[in-house]
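Welcome to a short tour of pockets and a bound ligand. Have the structure open beside you as you read.

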Amino acid sequence: MNYSIAVIPGDGIGPEIIGEAKKILEKVGSVFGHEFLYTEVLMGGVSIDAHGVPLTEEALETAKNSDSVLLGAVGGDVGNSRWYDVAPHLRPEAGLLAIRKGLNLFANIRPAYLYKELSEACPLKKEIIGDGFDMVIMRELTGGLYFGDRFTREIDGVRTAVDTLTYNENEIRRIAIKAFDIAMKRRKQVISVDKANVLDSSRLWRNVVEEVAKDYPEVTLTHMLVDNCAMQLVMNPGQFDVILTENMFGDILSDEASMITGSIGMLSSASMNESKFGMYEPSHGSAPDIAGKNIANPIATILSAAMMLRYSFDLDQEADAVEGAVEKVLSEGWRTGDIMSKGCRQVSTTEMGDLIAGKIL
Ligand code: NAD
C-alpha cells in the first residue's frame, strides 16, 4: 500500500528526530512492502523565517490532503529568539494551534508506558511499579472549560471572573468512540474519568459514554472520579488501560501519567479527528539547548510514527515491530544521553535510529 504523510520537521531538534522516524518508516516499508510518500511542510520558526507566519494556508492544505501528519516540534529559545518579538498569533507555537484547529483534531492520545529497562527513572517506589504500566490517556481537546465563554468584570463592586464549561452530547460521543476503538486494539478496558458527583457536564459525559459502551460489548467500562484518578495514578498505575476524559482533566492527568514514566524523550502522542486522520508528534518540545548536536533522543518520535501505523493506517503488525525493536535496543543497553544509566552504552541520535531500524526484520 501507499501512504502519503505530511512531514513537519519544525525547529530545534525537530529535523534530527524526524530524520530518524523517517529512517524507521523506510525500514518498515521495505520489510512489509509499503511505500510512504512524504511531503515536507514548514511550520513554526522556519515558516516565520520563510513566509513571515508560523503556518501558511498552503501548508495547512498540504497537511489536509495527506493521509496523516508527522511532526517534530516547533519553537525556539523563548528568552533569546527573534521569533518571540512579535504578537502571540505570529509566534512559532501559534502554528501548532492553527494546524490542530484546521485539521479538527479533537482527540488527543498520550500513552504512558514504563519500560522495564528505564524503571530507575520512574519516581514511584518499586512495590508500586510492580510489573510496570502501559496506559493511554484519551483527552478531549477542543471543548470544555478551555473553549467556553469567559470574562472578568466587576459585579457589585467585586472583581469576578467566569469561565464556562460546556459539552454537548455529540462532542462526548465522538471522543468516547475513539477511546473504545483504541481499547479494542489494546486490553479492552476503558476507565472514564469525570466529576459526576458535582458537575452537570460530567453527568452528561457519563450517560453518553454508557450509551457508546453498548456498541462495544467486549470492552469493560468503569467510571472514576477525577480526584480519585489523580491518586490512583501514583498508587496503582498498572490498573489503567485506556483513560477517557474531558479537556481540563486530561490536561492535568496526562502530564501526571507521563511524568511517572520519568523519561521525556520517550513519550509519543497523537491527535486525531473523526476519521482515521491523525497528527503524530513527540510530547516534548524542540529542545533548542541540544539542537544540532546529534544527541537528542529520537525514540518519542519513532514511537509516534508507530502510533501512526497503528491508528491511522491499521498496520498493527508493523507498529508492533517498531515498538518491539525499541524494546530490544533498550534491553541491549543502548541509550541516548537523556536516559543514560550506569553500565549502558551511550549513542547519538542517528546511531539510535540505526540500531532500532536494524531490529525491524
Ligand atoms: P522541551 O521539551 O523542548 O525541553 C525540556 C528539556 O528536555 C530540555 O532540557 C531538553 O533538552 C530536554 N529534551 C526534550 N526533548 C528531548 C529529547 N528528545 N532528547 C533529549 N532531551 C530532550 O521543552 P522547553 O525547553 O520548555 O521548550 C523548548 C521549545 O519547545 C519552546 O519554544 C517551546 O515553546 C517549544 N515546545 C514545543 C512543543 C511542540 O512543538 N509540540 C511542545 C512543548 C514545547
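## Pockets and ligand

The second largest pocket in this predicted model holds about 480 Å³ of space. Its lining is made up of 21 residues, with Pro-111, Tyr-113, Asp-134, Arg-186 and Glu-323 lying nearest the centre. If you trace the elements around this pocket, β4, β5 (134–140), α10 (299–312) and α11 (316–331) each give at least two lining residues. The largest share, 4 residues, comes from α10.

Now turn to the largest pocket, where the space comes to about 730 Å³. Here 32 residues form the lining, and Leu-96, Leu-97, Arg-100, Arg-139 and Leu-141 are the ones nearest the centre. At least two lining residues come from each of β3 (68–73), α4 (92–102), β4 (107–113), α9 (247–259), β11 (268–272) and β12 (278–282).

The ligand has a shell of 21 residues, the closest being Gly-76, Glu-93, Gly-285, Ala-287 and Asn-297. Two backbone contacts involve ligand oxygen atoms: one is 2.7 Å from a polar backbone atom of Gly-76, and a polar backbone atom of Ser-286 is 3.0 Å from a ligand oxygen. On the side-chain part, an N or O atom of Glu-281 sits 3.2 Å from a ligand nitrogen. On its own the ligand has 810 Å² of accessible area, and the protein covers 70% of that.

Here is how the residues divide by class:

| Site | Nonpolar | Polar | Charged |
|---|---|---|---|
| Largest pocket lining | 13 residues | 11 residues | 8 residues |
| Second largest pocket lining | 11 residues | 4 residues | 6 residues |
| Ligand shell | 11 residues | 6 residues | 4 residues |

Key. Residues are numbered from 1 along each chain as its sequence is written. This is a predicted model: local features need pLDDT of at least 70, side-chain atom pairs count only at pLDDT 80 or more; totals for chains, interfaces and linings use all residues. Side-chain values use heavy atoms; hydrogens and water are left out. On a 1 Å grid over the protein atoms alone, a cavity is a set of points where a 1.4 Å probe fits but cannot get out, and a pocket is an open set with protein on both sides within 12 Å along at least five of seven lines; lining residues have an atom within 4 Å of a point. Grid points are joined across faces, edges and corners, and a volume is the space filled by probe spheres set on the points. Ala, Val, Leu, Ile, Met, Phe, Trp, Tyr, Cys and Pro count as nonpolar, Asp, Glu, Lys and Arg as charged, and the others, Gly among them, as polar. A residue is near a molecule or strand if one of its heavy atoms lies within 4 Å of it. A polar contact is a pair of N or O atoms within 3.5 Å; within protein, one must be able to donate a hydrogen and the other to accept it, and residues adjacent in sequence count only if both atoms are side-chain atoms. Accessible areas come from the Shrake-Rupley method with a 1.4 Å probe; for residues, only the protein chains shown count as cover.
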